[in-house]
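Colleague: I am new to this structure. Please take a close look at one part of it, then go on to its surroundings.

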Amino acid sequence: EQIQKALNENRCVKFTGSDDPVHPLIYGMSSELIVPEGHILLGDATAVIRRYPSSGKLITLRKSAAAVGLKIDGNKQTHYPHFKDLKKTDCAINMEGNCFVANCYVHSHPGTGIYTFGDFPYNLVYNCTCEDVGYIDLKYDARHYQGSYDQNSADGIYLRAFYNVALDCFVKDAFRWAYTTSHSQGGYCTYINCDAYNTLFKCYGFIDIEGADRESLIIDCDGGHESSLWQDYRNGFWISTNGTKALFCSANFFVSGDDLKKKRGDHITIIGCKTTGSGYGVWGDSPVVVKNLASKTHSCGTLRFDACCRDDDKTCASFYVNALDGTGIAAQNILYEQPDGPGMKIMNVRDIQNQCRFVE
């Protein structure tokens, strides 16, 4: 109550620290803290916000508010079993438009790390880290995501709104997606130099741009760490939002479109990207797939998400491009895989200098 009163009465409030990194000053919170419109909440290097057992959002930034330098300990182990139904929407930092979140660290949090949902555009998330987010390890004693666990999973940075930017961010051990702009009320988001890595859980995927209203742009993002734990090689991009572009990124796979779920990824652009472990599956109108590299190390094509290959279908392509409208280009792409691999399958596009190189 005292912190909320200070925020209401002052444009800028700072959590002062202890000046001792080994023994930081702890600020315990068990109810939502509201940063008023245009106000700023700062954190000291030796100050920690610890979430005591509670549900709902922890910190909400009203329009044009900012949070800088906060260290948030989600303290999720103390929430179970009394607060056993926490959802991914029980986030650490919630943004309500035109917000700035920078240099913040969220860890051990039962819900999503940094989040915006609905008509709250123009948020910037800069140089933030989200680590160990999600609740299914406690509620289900599970170490990997699956659909029945969805509500108790979490994403690292969830931007389900318009015109949002994530820049220079890092996500580690987010149970579902590291980053996502998905479904309705989302689009025109940009991810630049955002990376992901897993050591605790077999997480679901790297970046999901699935069925959003408008396209997103992804530049220089890296989820292709070979020693990282990912569920069934799924550390990839799933793009089923028309017009999305991925430039100079790394992941296990790149997939656009899904015929089983009737989702299309039309006018997708993938340039200068590389995979480690799996390949590419691009299915939709007018794709542009240029100067990409695939280093294929397992037997399936591009996993179950794409329009052609499934886990039980070993005969499809490791590098698959199919323009359903008969226009598009696949040029100067290189696939490395084992001699018994399914190779490339490029259909209904201009096929220019694409190469499959078999390696032992």
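**Around Asp-44**

Modeller: Asp-44 is in contact (heavy atoms within 4.5 Å) with Lys-14, Phe-15, Thr-16, Gly-17, Gly-69 and Lys-71, if neighbours within four places in sequence are set aside. The model is predicted, so local features need pLDDT of at least 70 and side-chain atom pairs count only at pLDDT 80 or more, while totals for chains, interfaces and linings use all residues. Residues are numbered from 1 along each chain as its sequence is written, and side-chain values use heavy atoms, without hydrogens or water.

Asp-44 sits in the loop between β4 (40–43) and β5; strands are DSSP runs of E, at least two residues long, numbered from the N terminus. With 18% relative accessibility, Asp-44 counts as buried, because that word means under 20% relative accessible area with a 1.4 Å probe, protein chains only.

Asp-44 also helps to line the largest cavity, together with Phe-15, Tyr-27, Gly-43, Ala-47, Val-48, Ile-49, Gly-69, Leu-70 and Lys-71. A cavity is a set of points, on a 1 Å grid over the protein atoms alone, where a 1.4 Å probe fits but cannot get out, and lining residues have an atom within 4 Å of a point. The structure holds 1 cavity of 30 Å³ or more, and the space in the largest cavity is about 30 Å³; such a volume is the space filled by probe spheres set on points joined across faces, edges and corners. The lining of this largest cavity divides into 6 nonpolar, 2 polar and 2 charged residues. Here Asp, Glu, Lys and Arg are charged, Ala, Val, Leu, Ile, Met, Phe, Trp, Tyr, Cys and Pro nonpolar, and the others, Gly among them, polar.

Strand β5 (residues 47–51) gives the largest share of that lining, 3 residues. Val-48 belongs to β5 and is buried, at 13% relative accessible area. Beyond four places in sequence, Val-48 is in contact with Pro-24, Leu-25, Ile-26, Tyr-27, Lys-71 and Asp-73. Lys-71 is thus a contact of Val-48 and of Asp-44. From Val-48 to Leu-86, 38 residues along the chain, the C-alpha atoms are 22 Å apart.

Away from the cavity, Ala-92 lies in the loop between β8 (71–73) and β9 (93–95). Ala-92 is buried, and its relative accessible area is 0%. With neighbours within four places again left out, the contacts of Ala-92 are Leu-58, Ile-59, Ile-72, Val-106, His-109, Thr-112 and Gly-113. The C-alpha atom of Ala-92 is 20 Å from that of Tyr-149, 57 residues apart along the chain.

Ile-59, a contact of Ala-92, is also among the residues that touch the most other members of the largest nonpolar core, with Leu-61, Tyr-179, Tyr-191 and Phe-206; this core has 74 residues. A second, separate core of 6 residues includes Tyr-145, Trp-238, Phe-253 and Val-255. A nonpolar core is a set of buried Ala, Val, Leu, Ile, Met, Phe, Trp, Tyr and Cys residues joined through side-chain atoms within 4.5 Å.

Further along the chain, Cys-249 is placed in the loop between β24 (245–247) and β25 (250–251). Cys-249 is buried too, with 1% relative accessible area. The contacts of Cys-249 beyond four places in sequence include Ile-218, Cys-221, Phe-237, Phe-254 and Cys-273.

Methods. 1 Å grid on protein atoms, 1.4 Å probe; cavity = no way out; pocket = protein on both sides within 12 Å on 5 of 7 lines; lining within 4 Å. Helix = DSSP H or I, 4+ residues; strand = E, 2+ residues; numbered from the N terminus. Buried < 20%, exposed > 50% of the residue type's maximum accessible area, 1.4 Å probe, protein only.
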